[in-house]
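Welcome! Here is a short briefing to help you find your way around a structure you have not met before. Please take a look at it first, and then read on.

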Amino acid sequence: MSPHENLPPARPRRRPVPQPVPAPPPVPEKPDYEVGYGKPPVHTRFQKGQSGNPKGRKKGSKNLNTLVLELLDERIAVNTPEGRRYVSRVEVLLRKLMELAGKGNARAIDQMLRHYANAQASPSTGSGVTEAEAAQDVTDADLASLALLRDILLGDVAAGEAGAS
């Protein structure tokens, strides 16, 4: 007795026959249209009304710059001795930076001086002061004070020595 007598009869293996894929219908092209670099075939171009980046940024969504500008331009309530005032967040941040600079924070002083220089150099300040008028407003005492402040920030003069000169 053979060991294969108790097994059911084997079925023949049948593989599925692949169906031929129908060719796309011919797209009528102009006979004078030359396909090449920057000139794709007409049938492969983006269809009208269909985005080339369907998962891209949605219409109306805001990018980072827009969000930052909106957030910093937003007006918030601030309690002052005169009462409650509404000021922009940028003003609050600049006031805090000025407060730190007034307490002697070297980094805050440097940032405030940079902001001040940029504001003076910007033509959109709208102050109506020309460069010649601004140059006349700077006195010798102002120049000496700025030179002393520069020396203190660069570490050439100690803060205690600054008052002695």
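What share of the contacts in the chain with a separation of 6 or more comes from residues 24 or more positions apart? The answer is 9%. Please keep in mind that this is a predicted model. The notes below begin with the whole chain and then visit one helix, a few charged pairs and some single residues.

**The chain as a whole**

- The chain has 165 residues, and 5% of them count as buried.
- You will find 6 helices and 2 strands in the chain.
- If you read along the sequence, these elements follow the pattern α-β-β-α-α-α-α-α.
- About 15,400 Å² of the chain is exposed, and 57% of that area is supplied by carbon and sulfur atoms.

**Helix H3, a good place to start**

- Helix H3 covers residues 106-121, which makes 16 residues.
- Its end C-alpha atoms lie 22 Å apart, and this agrees with the 22 Å that the helix should span at 1.5 Å a residue.
- Three residues of H3 to look for are Ala108, Ile109 and Met112, which are buried. They sit on the same side of H3, because they cover an arc of only 100 degrees around the axis.
- Turn to the other side of H3 and you meet Arg107, Arg114, Asn118 and Ala121, which are exposed.
- What lies over the buried residues of H3? The cover includes helix H2 (89-102) and helix H5.

**Salt bridges**

- How many salt bridges does a search of the whole structure find? It finds 8, and the next points introduce some of them.
- Within helix H3, Asp110 and Arg114 are 4 residues apart, about one turn of the helix. These two residues form a salt bridge, with their closest N and O atoms 2.9 Å apart.
- The partners in this H3 pair differ in their class of exposure: Asp110 counts as partly exposed at 31% relative accessibility, while Arg114 is exposed, because its 53% is over the 50% cut-off.
- Lys62 is joined to Glu70 by a salt bridge, and here the closest N and O atoms are 3.1 Å apart. Lys62 is partly exposed, with a relative accessible area of 45%, and Glu70 is partly exposed too, at 41%.
- Lys103 makes a salt bridge with Glu99, where 3.5 Å separates the closest N and O atoms. Lys103 counts as exposed at 65% relative accessibility, whereas Glu99 is partly exposed at 38%.
- Salt bridges also link Arg85, Glu91 and Arg95 into a network.

**Leu100 in helix H2**

- Leu100 has its place in helix H2, one of the elements that cover the buried residues of H3.
- Is Leu100 buried, exposed or partly exposed? Leu100 is partly exposed, because its relative accessible area of 32% falls between the cut-offs of 20% and 50%.
- Not counting residues up to four places away in sequence, Leu100 touches Asn105 and Ala108. Ala108 is one of the buried residues of H3.
- Leu100 and Met112 are 12 residues apart along the chain, and their C-alpha atoms are separated by 9.9 Å.

**Ser88 in strand S2**

- Ser88 belongs to strand S2, which runs over residues 83-88.
- With a relative accessible area of 15%, Ser88 is buried, because that value is under the 20% cut-off.
- Which residues does Ser88 contact, leaving aside its neighbours within four places in sequence? They are Leu72, Asp73, Glu74 and Arg75.

**A nonpolar patch on the surface**

- Val138, Leu143 and Leu146 form a nonpolar patch on the surface. Together, these residues have about 260 Å² of accessible area.
- One of the patch members, Leu146, is found in helix H5 (residues 140-154). Leu146 is partly exposed, with a relative accessible area of 49%.
- Helix H5 may ring a bell: it is also part of what covers the buried residues of H3.

Technical notes: Residues are numbered from 1 along each chain as its sequence is written. This is a predicted model: local features need pLDDT of at least 70, side-chain atom pairs count only at pLDDT 80 or more; totals for chains, interfaces and linings use all residues. Side-chain values use heavy atoms; hydrogens and water are left out. Patches are made of residues with over 30% relative accessible area and no salt bridge: like charges are joined within 9 Å, nonpolar side chains (Val, Leu, Ile, Met, Phe, Trp, Tyr) within 5 Å. Accessible areas come from the Shrake-Rupley method with a 1.4 Å probe; for residues, only the protein chains shown count as cover. A salt bridge is a side-chain nitrogen of Lys or Arg within 4 Å of a carboxyl oxygen of Asp or Glu. Buried means under 20% relative accessible area, exposed over 50%, partly exposed in between (1.4 Å probe, protein chains only). The expected span of a helix is 1.5 Å times one less than its number of residues. The arc is that of the directions from the helix axis to the C-beta atoms. Contact means heavy atoms within 4.5 Å.
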